[in-house]
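Dear colleague,

I am handing over the structure we talked about, so that you can look at it alongside my notes. Please open it first, and then read on with the sequence at hand.

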Amino acid sequence: MAVDLTINGQSHSLDVDPKMPLLWAIRDVAGLTGTKFGCGKALCGACVVHVDGQPVRACAFPVSSAAGKQITTIEGLSPDGNHPVQVAWRELNVPQCGYCQSGQIMSAAALLARKPKPTDAEIDNAMSGNICRCGTYPRIRKAIHRAAEGQS
Amino acid sequence: MKRIEHLSRREFLKRTGQTTGGLVLALSVTAACQPSGNGDESAGAAGNFEPNVFVNVRGDGVVEIVCYRSEMGQGIRTCLPQVIADELEADWGRIELIQATGDAKYGDQNTDGSTSIRRHFDILRTAGATAREMLIAAAAIEWGVPAAECVARDHAIHHEASGRSAGFGALVATAADLEPPAEVTFKSPTDYRYIGKSMDLIDGFDMTTGRANYGIDTVLPDMLYASIERSPVLGGTVKSVDDAKARAVTGVHDVIQLPGGTSPPAFNPLTGVAVLADNTWAAAEGRAALAIEWEPGANGAYDSGTYRETLTGIAKQDGRVTLERGDVAAAFDAAESVHEAIYYAPHLSQAPMEPPAAAARMLPDGGCEVWACTQAPQAAQGTVAAVLGIEPEKVTVHVTLLGGGFGRKSKPDFVAEAAWLARETGRPVKVTWSREDDLRHGYLHSVSAQRLVAALDADGNTTALRHCTAFPSISSTFDSAATGPSSGELGLGAVDNPYAIPNLQVMAGDAPAHLRIGWLRSVCNVFHAFATCSFVDELAHKAGMDPRDHLLRLLGPARQVDPAADGAEYNNYGQPLETYPIDTGRIAAVVRKVADMAGWGRELPEGRGLGIAVHRSFLTTVGTVAEVSVNADGRLTVHELWTAVDAGLVVNPDRVIAQMEGAGIFGMSLALYGEITAKGGAVEQGNFDTYPVLRINETPSAINVHIMDVDAPPGGIGEPGVPPVAPAIANAVFAATGRRIRELPLSKSGLA
């Protein structure tokens with residue numbers, strides 16, 4: 001059956017099983033591969049996207065639940081890739097392998113949207129669902145503070 | 001100055017195939033200097049100048065640099081062009097990076113062993129310098145001036161006396177007709193422009209915008225998505241399959257049994273049943289609907305709990321003596337006291353954030369093209385060729401970015417799965433491993449038990465040490481007859497013991513493997529450093545000494561250690577000891593520095609402690625201090641880490657710092673949580689709930705890194721930061737609580 005989605009401002013009518021996790025609808029059907037698979041059980045955060053502005057683990061979120069809502073993926077976070085979080089990430093050379101960074105950046109952007117000047121504890125709390133196996137956490141903390149300065 | 005040999009392509013391949021270790025470097029330098037148009041691979045496109053397989057200067061002046069190493073987070077796609085562009089005097093903004101396919105013409109592409117800089121630095125410099133010298137020669141010809149009067153600077157060649165200059169692009173036509181120089185002179189380090197500078201990540205924009213492509217992101221026209229149910233037990237076979245329900249799932253096209261299951265497992269696909277569908281989700285749903293009866297085979301009896309007892313028993317016995325110095329028996333007879341400890345560390349999984357994934361399609365000529373997140377492009381090429389029964393030359397391996405590797409992606413079994421399924425279905429196929437697949441069917445870091453026994457004199461000096469290390473060998477993955485630790489594995493932290501202990505015996509305990517064993521970031525150094533660095537700390541307390549002072553005393557006077565002098569088979573990571581010595585003076589300097597950084601000796605509140613560990617691996621020495629506390633509930637907090645690293649010359653300091661930060665986190669994961677267990681031959685863990693790794697809320701407030709300023713050739717960077725982390729934390733736990741933990745992970749002891 002068809003599920004109507006709005007991804008990064010564009011309408012998509014996807015012929016998918018309504019139980020299909022949003023992640024696979026985005027990656028395999030809509031063809032946007034910036035959102036990553038890491039665990040399939042909402043444990044690692046590699047698949048975080050925004051649904052109506054809220055961070056959501058797309059791997060455990062049925063595509064049908066996203067119908068009619070505004071979905072933002074890493075590709076749509078900013079038109080030119082210069083969201084303050086993305087800029088701060090590059091200034092501090094946060095990524096190592098880069099794989100988890102889409103989810104990290106989406107979680108960080110959602111945090112800053114609701115808390116423009118987070119403390120370290122608030123950062124840790126908001127970002128603890130995002131695993132980075134390369135260990136970029138110290139720089140993620142710094143980059144979120146940097147982005148907070150950048151957007152003020 | 002580097003001698004450049006002219007070898008024919010055939011001769012190069014022949015010699016490459018026969019070489020190991022240090023000679024590879026010389027031959028690869030030769031590969032870098034193959035003249036173009038000599039009947040082989042390196043003829044450039046018209047109007048371009050391709051002085052070697054790594055550099056192509058285009059007519060428009062853009063310098064294409066071929067990255068023939070895999071990027072998995074270590075930053076090599078940034079560091080490799082830094083070296084070439086520096087020697088070439090190219091502008092950073094006018095280079096284009098091209099990722100190499102798997103091809104023997106590039107020499108060694110195997111991205112493991114922390115080798116990309118340490119073993120390729122001279123190759124890369126030669127590649128850049130050769131291109132530079134040829135452009136200079138071309139300018140000299142065009143201007144009728146001596147080449148010695150011309151210099152390369154800012155992407156151009158200049159003749160100071162006449163004031164003439166020409167951009168690289170303008171010299172391409174003339175340069176392309178020249179023979180490469182017989183030898184080149186490297187730049188003076190004082191003239192480096194990029195080497196030693198923290199250049200920004202080449203892939204930084206792509207990685208922060210979702211544009212970066214990993215193996216799992218490959219999409220081919222008409223592609224099927226595969227999910228594979230594999231035998232829960234290594235060596236198991238399919239008794240029966242009922243795939244009716246799987247085939248009924250919407251989107252499922254086919255169910256195919258893979259042959260797999262070779263013994264030894266090597267890089268071959270495992271026994272399994274593949275479900276192929278329109279998308280990843282449908283394939284997974286179909287797979288969940290399979291009803292398979294497995295015959296577990298001989299490994300079905302494997303129980304990691306029972307095996308632990310077996311392994312510990314082996315470590316307690318005297319094993320094969322692999323190094324002997326002095327008269328150990330006599331020293332124990334004369335000892336004032338003896339101290340003994342058993343250390344244990346479990347299997348680990350690399351668990352890269354991107355699980356193994358690869359896509360493949362067959363070509364009309366019977367060849368095969370694959371896209372894969374592989375650390376070993378040529379092994380992938382060879383394995384795919386063998387599984388398909390075609391020539392390696394007919395297999396093209398496109399190397400994507402790797403979403404982490406840590407050794408897992410050195411094994412191309414998943415690439416061969418995709419290729420085999422592409423041939424069977426006649427359509428392009430992408431295989432994606434689930435997290436459960438990754439943890440249950442990987443190539444695990446080996447489980448180990450070690451016994452250390454020290455003889456002490458009346459002053460607490462260690463007069464003798466016996467170290468017996470027992471673990472299933474990685475060799476078992478490639479040789480069914482392999483019984484125990486290889487000399488290569490014993491050279492990862494066992495026989496290369498740097499301490500000034502007059503009587504030393506290192507023994508190996510043979511142990512069979514029941515799971516696929518493979519490399520994990522820093523390999524056996526993980527458990528050897530955990531045991532050795534912890535035991536040294538134990539000896540400090542036995543002697544009533546401060547651990548740092550004791551460490552320095554035990555390292556003894558500055559000297560160079562040669563394990564071979566004591567009978568060990570030791571290859572020093574493939575490099576001569578003259579160039580890369582085990583230098584206790586340099587190790588001691590790292591100890592002093594990291595202790596100073598951490599404010600060693602300062603007053604700490606009750607329940608807090610500092611622990612120190614130092615370990616040399618991959619030709620680099622890393623010292624780590626951890627500050628921890630344990631609260632009344634036994635909850636362990638690692639507050640801060642300090643790391644000093646002596647890696648000789650450093651190409652990109654920021655990437656070195658990043659690797660040390662990452663190693664701190666990776667080391668904490670394995671220290672606090674890492675454990676893979678098995679029952680009935682099957683791995684018990686399945687995802688990050690049962691195999692936890694460190695999260696940001698457990699990350700120390702700071703990981704402070706200092707790069708030692710040492711005039712020495714470059715050492716490894718990707719791995720050596722890991723080994724000292726676990727013992728530094730365990731030693732800090734002792735300092736904080738008086739509890740000596742001799743088992744990893746620390747969570748098993750009620751901590752964390």
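What follows is a short account of what was found, beginning with chain A and ending with the contact between the two chains.

Please keep in mind throughout that this is a predicted model.

A good place to begin is the start of chain A, where strand β1 (residues 2–7) and strand β2 of chain A pair in the antiparallel sense over six bridges. In this pairing Ala2(A) stands opposite Asp15(A), which belongs to β2(A). The two strands form a hairpin with two residues between them, and in the turn Asn8(A) has a positive phi of about 50°. Is β2(A) enclosed, or does it lie in the open? Of the six residues of this strand (residues 10–15), the number buried is zero, so β2(A) lies largely in the open.

Helix α2 (residues 84–91) of chain A has another kind of setting, because six of its eight residues are buried, and the helix is therefore largely enclosed by the rest of the structure. The buried residues are Pro84(A), Val85(A), Gln86(A), Ala88(A), Trp89(A) and Arg90(A), and they pack against α3 and α5 of chain A together with α6 of chain B. Just after α2(A) comes Asn93(A), which takes a positive phi of about 45°.

Two of these partners, helix α3 (residues 101–114) and helix α5 (residues 137–150) of chain A, also meet each other, with axes that come within 11 Å and cross at roughly 45°. That angle makes α3(A) oblique to α5(A), and the crossing is right-handed. On the side of α3(A) the contact is made by Gln104(A), Ala108(A), Leu111(A) and Leu112(A), while α5(A) contributes Ile140(A), Ile144(A), Ala147(A) and Ala148(A). Sorted by character, the residues of this contact are seven nonpolar, one polar and no charged.

Finally, there is the contact between the chains, in which 49 residues of chain B touch 46 residues of chain A. On the side of chain B, the elements that give two or more residues are α6 (204–209), α8 (280–288), α18 (653–672) and β31 (702–707). Which of them gives the largest share? That is α18(B), from which seven residues come. The residues on this side of chain B divide into 23 nonpolar, 16 polar and ten charged.

With best wishes

Terms used: Residues numbered from 1 in each chain as written. Chains lettered and ligands numbered in written order. Predicted model: local features only at pLDDT ≥ 70, side-chain atom pairs only at ≥ 80, totals over all residues. Axes fitted to C-alpha atoms, helices over the stretch in contact; angles between N-to-C directions. Helix = DSSP H or I, 4+ residues; strand = E, 2+ residues; numbered from the N terminus. Parallel < 35°, antiparallel > 145°, perpendicular 65-115°, else oblique. Left-handed = near helix turned anticlockwise from the far one by under 90°. Contact = placed C-beta atoms within 7 Å. Nonpolar A, V, L, I, M, F, W, Y, C, P; charged D, E, K, R; others polar. Buried ≥ 20, exposed ≤ 12 C-beta atoms within 10 Å, placed from the backbone. Pairing = 2+ DSSP bridges.
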